[in-house]
There are 4 protein chains.
Amino acid sequence: MPADSPETPPTAAAPSAAELARRYAAVRRHSLALAEPLSAEDQCVQSMPDASPTKWHLAHTTWFFETLVLQAGDAAYQAHDPRFAFLFNSYYESLGPRHPRPQRGLLTRPSQAEVLRYRAAVDEAVLAFLPRAQPAQLQALELGLHHEQQHQELILTDLKHLLSQNPLQPAYLPAPAASASPAAAPARWLRFEGGIAEVGHDPREGFSFDNETPRHQVLLRPFELAQRPVSCGEFLAFVRAGGYRDPQWWLSEGWAAVQAGGWQAPWGWSGCEGDAPQLFTLFGTRPLQWQEPVCHLSLYEAAAYAAWADARLPTEFEWETAMRRSGAVLRRADETLHPHPRAAVPDDSAVPQGLHEVWEWTRSSYDPYPGFVPLGGPAAEYNGKFMVGQVVLRGASCATPPGHARLSYRNFFPPAARWQFSGLRLARDVR
Amino acid sequence: MPADSPETPPTAAAPSAAELARRYAAVRRHSLALAEPLSAEDQCVQSMPDASPTKWHLAHTTWFFETLVLQAGDAAYQAHDPRFAFLFNSYYESLGPRHPRPQRGLLTRPSQAEVLRYRAAVDEAVLAFLPRAQPAQLQALELGLHHEQQHQELILTDLKHLLSQNPLQPAYLPAPAASASPAAAPARWLRFEGGIAEVGHDPREGFSFDNETPRHQVLLRPFELAQRPVSCGEFLAFVRAGGYRDPQWWLSEGWAAVQAGGWQAPWGWSGCEGDAPQLFTLFGTRPLQWQEPVCHLSLYEAAAYAAWADARLPTEFEWETAMRRSGAVLRRADETLHPHPRAAVPDDSAVPQGLHEVWEWTRSSYDPYPGFVPLGGPAAEYNGKFMVGQVVLRGASCATPPGHARLSYRNFFPPAARWQFSGLRLARDVR
Amino acid sequence: MPADSPETPPTAAAPSAAELARRYAAVRRHSLALAEPLSAEDQCVQSMPDASPTKWHLAHTTWFFETLVLQAGDAAYQAHDPRFAFLFNSYYESLGPRHPRPQRGLLTRPSQAEVLRYRAAVDEAVLAFLPRAQPAQLQALELGLHHEQQHQELILTDLKHLLSQNPLQPAYLPAPAASASPAAAPARWLRFEGGIAEVGHDPREGFSFDNETPRHQVLLRPFELAQRPVSCGEFLAFVRAGGYRDPQWWLSEGWAAVQAGGWQAPWGWSGCEGDAPQLFTLFGTRPLQWQEPVCHLSLYEAAAYAAWADARLPTEFEWETAMRRSGAVLRRADETLHPHPRAAVPDDSAVPQGLHEVWEWTRSSYDPYPGFVPLGGPAAEYNGKFMVGQVVLRGASCATPPGHARLSYRNFFPPAARWQFSGLRLARDVR
Amino acid sequence: MPADSPETPPTAAAPSAAELARRYAAVRRHSLALAEPLSAEDQCVQSMPDASPTKWHLAHTTWFFETLVLQAGDAAYQAHDPRFAFLFNSYYESLGPRHPRPQRGLLTRPSQAEVLRYRAAVDEAVLAFLPRAQPAQLQALELGLHHEQQHQELILTDLKHLLSQNPLQPAYLPAPAASASPAAAPARWLRFEGGIAEVGHDPREGFSFDNETPRHQVLLRPFELAQRPVSCGEFLAFVRAGGYRDPQWWLSEGWAAVQAGGWQAPWGWSGCEGDAPQLFTLFGTRPLQWQEPVCHLSLYEAAAYAAWADARLPTEFEWETAMRRSGAVLRRADETLHPHPRAAVPDDSAVPQGLHEVWEWTRSSYDPYPGFVPLGGPAAEYNGKFMVGQVVLRGASCATPPGHARLSYRNFFPPAARWQFSGLRLARDVR
């Protein structure tokens with residue numbers, strides 16, 4: 001029986017209200033910690049339509065809880081400010097009209113201080129409401145926590161874009177001590193057999209977004225996957241070999257982007273032709289570290305590099321299967337805030353490296369899984385309606401908050417996006 | 001052994017030079033027949049960057065043979081006009097710089113008459129060269145024939161777009177007698193089992209483009225597919241039910257397109273709220289026929305309709321498997337030029353209808369097949385470099401020339417494209 | 001002798017260093033007073049490419065003094081921060097490359113506090129340098145004061161635009177008590193004879209910008225000028241008469257702007273069809289006051305109204321001559337900060353009303369005066385290079401700082417500009 | 001009495017119906033002669049929104065007579081094709097909706113042959129109607145003749161733009177024999193006194209457009225004007241001196257245009273740094289002739305050259321006064337069709353050269369004359385509604401048809417326009 005059985009699979013027990021209250025406090029606190037080094041000005045400005053101001057992220061995630069938990073579940077709840085629904089709804093058509101996305105940066109009011117008061121008021125109301133919440137609200141709250149974690153990563157990527165636009169090239173945080181960066185040893189190829197594999201979220205493992213479901217079977221051919229992502233030093237060789245000037249490596253849309261955007265290297269790189277290439281980081285401009293995984297690539301650049309290296313990108317199912325079969329665990333490099341790619345630990349083991357460093361572009365378009373059914377209610381708009389024109393990334397990055405990563409996670413961005421912490425890992429057919 | 005065996009599969013014998021000469025004459029003649037009803041003005045103008053003038057299509061397909069057959073294989077061949085390589089190269093980076101696509105309509109010179117002379121000269125040279133051509137040139141010539149057939153369809157779709165922009169709403173051909181058009185009976189659902197299926201081109205069956213290869217196995221879940229495409233009458237019900245005003249049915253990009261473009265119905269439809277809806281055809285504006293398959297849909301509209309109808313689009317592998325298992329044959333409605341969707345023959349059989357009427361959007365992004373390797377030489381740019389941001393359509397349309405359709409054929413367009421003869425067929429999960 | 005005599009005319013004595021120091025302190029203080037009600041966020045954001053953030057205005061005016069006074073005159077002066085020249089140069093090609101105008105709002109660094117320190121440091125250096133400054137630096141300083149006054153008006157207009165983009169429609173200042181607003185009595189027509197008139201700045205009257213020179217003679221026909229600007233109530237009648245829907249009143253470019261922009265009334269007006277029209281002001285949204293002069297008009301709207309009213313706009317020379325012959329004095333309504341048009345005092349006198357209320361569009365393009373010679377040095381770029389594609393406005397507005405207005409002043413904006421405090425006064429030929 | 005007297009001035013006798021019939025036949029024939037060397041394709045395509053296809057010009061001028069003469073005056077007249085009013089109305093709001101200007105090139109139907117039949121039918125009807133036409137229709141017909149002459153010039157300039165976009169650089173006509181082209185001798189300065197001058201059209205001299213009226217007095221300062229326009233050789237010196245790379249010579253908008261457009265020389269010039277500069281002409285690409293007047297300049301380039309040459313552009317009133325006082329006569333270089341600037345005849349006389357060679361940019365914005373009243377009826381839209389954002393050119397060009405030029409003629413274009421036959425003549429103040 002090749003396809004999934006029709007029975008409902010066993011699912012993990014839902015977290016208790018008390019457990020959710022604990023997690024809620026921690027997640028909400030983490031967002032504030034991310035904003036803490038920033039001035040009100042830093043938190044207000046929007047540097048491009050795709051990015052949002054920190055203040056907006058802080059308010060939007062609050063609106064999400066207020067709307068899907070408090071207003072949905074507590075008939076007595078009074079909106080903190082009824083006008084905020086218009087300002088801080090992101091894209092939920094079913095929840096009414098909203099402020100245009102490209103104008104989020106014009107909201108100098110409500111002020112940063114008012115948004116913090118909004119957060120505090122909603123936090124107090126949520127924690128007071130939790131003990132009497134119904135399962136539907138507890139589910140919505142859990143979704144809201146993962147939602148806020150997604151925005152925590154965006155706070156860092158959007159902020160990085162903003163700071164990059166400033167000729168002063170300012171830093172978000174003081175730079176840590178520089179470490180030596182020898183060139184990475186060649187990545188080891190790990191071989192995986194073909195056959196039927198199970199992919200997608202296993203409901204016994206707790207929460208997932210709807211786009212990771214249903215768990216299902218796929219048929220794979222034998223393949224090889226690199227033990228670690230491509231490093232900056234390796235990518236620099238592509239740059240220096242004229243990779244950005246030779247159309248043969250590029251998808252057609254990619255080559256058009258190279259020419260229209262004047263791309264000559266990954267976003268934020270400079271001085272590639274000289275002795276001391278540099279890149280822009282959340283610590284300011286720093287020397288390029290040979291061993292670090294390359295990031296801020298578009299899908300186009302990732303695919304061009306792979307073609308030049310006589311390899312290819314893995315499909316999302318190859319990636320997931322390789323990680324599962326190897327027993328890889330996605331783990332964070334350390335417990336401190338660490339918003340830029342750090343030096344990769346060279347690893348000769350047979351297990352793919354699973355540090356949170358860079359999202360890895362796959363060669364899978366973001367299509368629905370067979371049997372995919374979106375969540376009900378407003379959450380139906382969470383994922384499904386974006387399933388066209390985007391490409392899947394797997395793994396997690398240095399900006400992904402602790403506890404948010406999992407092997408079935410499907411991140412997705414348009415192929416031209418460069419401002420995320422996005423790199424690649426090579427794959428190839430077995431020959 | 002779930003994956004393909006590594007041995008090279010048996011392939012069909014290559015057609016002989018004589019057979020290719022026969023086909024060459026027929027295909028080349030057909031292009032001229034398509035242009036015949038048009039004035040030099042009609043053939044010169046470009047109505048949008050995505051479309052090309054008829055004259056350009058006639059010249060570009062000629063340049064393809066001149067470059068990939070004559071210049072590649074005959075050292076003595078002198079270019080008909082060395083400047084034409086710049087004008088009529090479409091997108092082959094490896095064949096040098098070229099005229100920008102959006103400016104193809106500015107080429108009032110060379111004149112229509114000169115382009116016909118170019119065609120005649122190259123035809124003469126090709127036919128003279130064929131008897132001494134090497135297998136590589138014969139292969140290129142065969143590719144060129146299928147390439148020209150693709151442009152034959154584009155001649156009609158691009159022309160239709162041009163004529164549609166004219167307030168006079170002129171006709172390409174005199175309208176045939178109108179037939180009565182009762183509403184179609186509800187489409188029958190055909191059920192298909194899940195399991196492993198073989199998809200992609202079978203090399204024993206003759207020519208294919210590289211994007212249809214390699215043939216490989218996929219794992220399917222049980223599914224149902226409608227016996228025929230959605231009809232105009234059925235789609236009109238969606239329009240009249242307010243489908244174009246309700247975001248819940250739409251992909252996010254699709255809803256944005258509806259609003260930005262002011263879409264209210266399929267491209268070319270008018271009067272949907274009244275008693276006598278009309279649509280623009282290559283015969284001019286005509287009453288909408290209830291039973292005809294709907295066409296000129298974007299992927300967005302196809303997916304929105306499917307959502308509204310509580311169904312979905314098939315994947316390209318479901319589509320191909322259903323057609324193969326049913327023994328469906330793609331056949332042309334008749335042997336006359338028939339450039340608009342005609343009334344579908346209602347069919348209660350268990351075989352999916354296979355008339356050439358409309359391309360059918362699938363819910364599969366245009367990604368490479370596992371193990372895909374592009375053709376060598378300039379033909380490497382034929383398909384592979386477009387494998388991002390596009391969606392697969394299967395089947396064929398009333399504008400597809402005779403002999404061009406096959407079950408493994410992967411047509412592809414960006415999801416917003418509406419000027420092709422593109423419709424949909426519903427699918428659904430087995431419940 | 002119809003033309004100006006070639007002798008150099010007598011000029012006013014240049015102000016002393018001590019007098020300039022006094023004015024410098026006052027002008028610089030006024031800028032800070034304007035910013036005082038605003039948060040750092042309010043001062044950082046840019047709402048459109050034409051507008052600049054308050055913080056940028058505060059820094060740019062400081063850079064002007066630092067560059068044209070301190071660096072030009074004091075060899076020992078060290079730049080406060082050498083990177084600021086790039087950030088805060090506006091459009092002086094001769095002073096080096098600069099940050100692109102549309103990205104001024106991305107400068108969250110330097111912070112608001114740093115910019116205030118920059119101002120304080122430059123103020124200290126300027127006041128210390130003044131006693132030993134050469135005449136050229138004193139002249140540059142005087143220019144800098146008038147330059148800063150221009151930016152004081154822009155601080156208010158640019159801020160008003162920013163606040164208007166916020167769905168909360170926030171106020172810059174608390175609203176003053178509302179006054180009753182009866183409809184204005186019809187404006188009295190004042191008649192002026194034709195003949196030769198002297199226009200342009202009289203050097204005996206002190207400072208002027210170079211674009212007001214040289215004083216010269218023009219030949220006028222007899223004309224009539226309204227005693228006061230057009231009121232909101234009068235303009236509302238045009239709106240309600242369908243003025244924005246009838247192309248006959250409009251310049252061709254103006255009609256295109258109406259349609260492209262969906263203009264239905266002056267910028268910031270709402271509810272014109274109902275009983276209680278409103279307009280957006282620096283005090284928030286307020287009821288429209290019938291008697292106030294209309295403002296936030298483009299030249300197109302001003303000209304359309306004039307055509308509808310069977311009149312026309314005056315030329316800049318008619319305006320200046322009428323004001324001079326009548327002995328009108330431009331005076332400020334009061335000494336308090338007054339950033340929105342206030343109710344006009346009806347006036348039956350024969351003197352044109354000269355309150356600072358709205359800039360008045362003329363029907364004169366912004367061309368150079370005969371014999372115009374730009375200032376030398378970097379100041380050459382101050383005015384002359386903008387003399388194409390713009391239209392002259394005369395008078396002053398409620399946002400013009402005290403002491404900045406004069407009868408020869410030539411304000412100029414592109415004809416489509418609406419975010420300035422711009423209205424109109426009618427003129428007509430003597431019949 | 002400085003201003004015009006209020007009495008109606010004497011006017012020339014209106015031409016008789018017979019005289020108008022003679023002129024009508026000649027003007028209409030000339031349009032066809034201009035189109036004669038062109039294929040139907042050449043006449044159909046539109047190369048930019050500002051330009052129109054030849055076929056459209058031929059039809060639009062016909063529609064003008066049909067509408068303003070036949071339909072206005074002959075109750076029995078039946079429109080040749082009622083749909084043509086929509087297609088061939090240019091910008092007359094009062095005459096109903098119309099096809100968008102940027103889509104004029106999409107009209108492959110009606111065909112070239114149909115448009116010729118339209119012309120013939122209207123010609124026949126007009127000539128039959130003339131003997132019984134009222135004065136108002138005779139006036140409209142005379143306006144129509146001058147209108148068609150304006151379009152005759154546009155046929156050539158728009159066609160030249162179209163051909164220039166073709167990489168083959170095709171010719172409209174076979175090139176005449178090349179003449180030697182020595183450098184021109186320095187242009188002689190002619191001096192003119194200041195004082196009151198009469199400008200504008202003198203009604204005793206026959207027809208004029210409304211924008212040339214009323215004749216009125218202006219006050220001029222003494223000035224000097226060059227005896228001939230600037231030559232190609234002189235302008236090349238500016239190019240080679242780095243004029244296109246130095247912002248000091250340019251208006252601000254002009255410098256932005258230089259950078260955005262990558263301008264390095266006048267439109268159509270190439271090879272300026274080498275020994276053999278070339279320019280594109282209606283005869284194809286030809287060697288640059290030193291002595292020819294430079295053309296295809298924007299106002300920006302004309303003003304930049306003048307600044308570099310330590311001179312300025314004349315005002316339109318200086319230009320007209322100098323020509324009138326000198327007794328200059330605008331005359332055509334020869335009676336053959338002569339669509340590109342020919343070598344200027346050096347002239348040492350005190351009379352400004354008046355050959356039809358290039359339109360001469362002035363430093364006067366296109367504002368209404370004092371007392372300007374537009375024509376009545378639809379002709380009100382002929383000129384007045386364009387009086388903003390444009391700059392006046394005086395004289396005539398090699399493409400202006402015989403008999404169309406006069407000293408009071410006010411041509412006008414936006415300052416960035418380069419595809420007209422536009423050059424410059426230097427002026428300067430008397431020092």
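# Notebook: domains, chains and salt bridges

**Entry 1: a stretch of chain A.** I started with residues 25-141 of chain A, where the chain is 56% helix and 0% strand. The C-alpha atoms at the two ends of that stretch sit 12 Å apart. I picked these residues because an unreviewed UniProt entry places the feature "domain: DinB-like" there, at 25-141 of chain A. Note to self: I'm looking at a predicted model.

**Entry 2: how chain A is split.** Next I looked up the domains. Chain A is divided into domain 1, covering 17-164, and domain 2, covering 189-429. I checked how far apart they are: 27 Å between their C-alpha centres.

Then I went to the place where they meet. On the domain 1 side of chain A, 28 residues are in contact with 30 residues of domain 2. Putting these two domains of chain A together buries about 2600 Å², and carbon and sulfur atoms give 67% of that. Which residues of domain 1 of chain A lose the most area to domain 2? I found A:Tyr91, A:Glu153 and A:Lys160, which together make up 27% of what the domain 1 side buries.

**Entry 3: what holds hands across the domains.** I wanted to know how many salt bridges there are between domain 1 and domain 2 of chain A. The count is zero. Polar contacts do turn up, though: I get 14 residue pairs across the interface of these two domains of chain A, both residues at pLDDT 80 or more.

Which helices supply the domain 1 side that touches domain 2 in chain A? Both α1 (17-35) and α6 (135-164) of chain A give at least two residues each. The largest share, 17 residues, comes from α6(A). Sorting that side of domain 1 of chain A by class, I wrote down twelve nonpolar, ten polar and six charged residues.

**Entry 4: chain B against chain D.** I moved on to a contact between chains. Chain B puts in 29 residues and chain D puts in 29 residues. The area buried between chain B and chain D is about 2400 Å², with 59% from carbon and sulfur atoms. On the chain B side, the residues losing the most area to chain D are B:Glu41, B:Arg109 and B:Leu168, together 32% of what that side buries.

How many salt bridges link chain B and chain D? I count four. I looked at a pair with a residue I had just noted: B:Glu41 forms a salt bridge with D:Lys55, and their closest N and O atoms are 2.4 Å apart. Reminder from class: side chains of opposite charge can pair when their charged atoms come close.

Between chain B and chain D I also have twelve residue pairs in polar contact, both residues at pLDDT 80 or more. The helices α2 (40-44), α4 (84-88) and α6 (135-164) of chain B each supply at least two residues to the side touching chain D. The largest share there, four residues, comes from α2(B). By class, the chain B side that touches chain D has 15 nonpolar, nine polar and five charged residues.

**Entry 5: salt bridges everywhere.** Last, I searched the whole structure and got 108 salt bridges over all chains. I opened up one inside chain B: B:Glu320 pairs with B:Arg324, closest N and O atoms 3.1 Å apart. Where do B:Glu320 and B:Arg324 lie? Both are in helix α10 of chain B (residues 316-326), four residues apart, about one turn of the helix.

Notes: Residues numbered from 1 in each chain as written. Chains lettered and ligands numbered in written order. Predicted model: local features only at pLDDT ≥ 70, side-chain atom pairs only at ≥ 80, totals over all residues. Heavy atoms only, no water. Domains from an automatic or database assignment. Contact = heavy atoms within 4.5 Å. Buried area = accessible area lost by both parts, 1.4 Å probe. Salt bridge = Lys/Arg side-chain N within 4 Å of Asp/Glu carboxyl O. Polar contact = N/O pair within 3.5 Å; in protein donor to acceptor, adjacent residues only side chain to side chain. Nonpolar A, V, L, I, M, F, W, Y, C, P; charged D, E, K, R; others polar.
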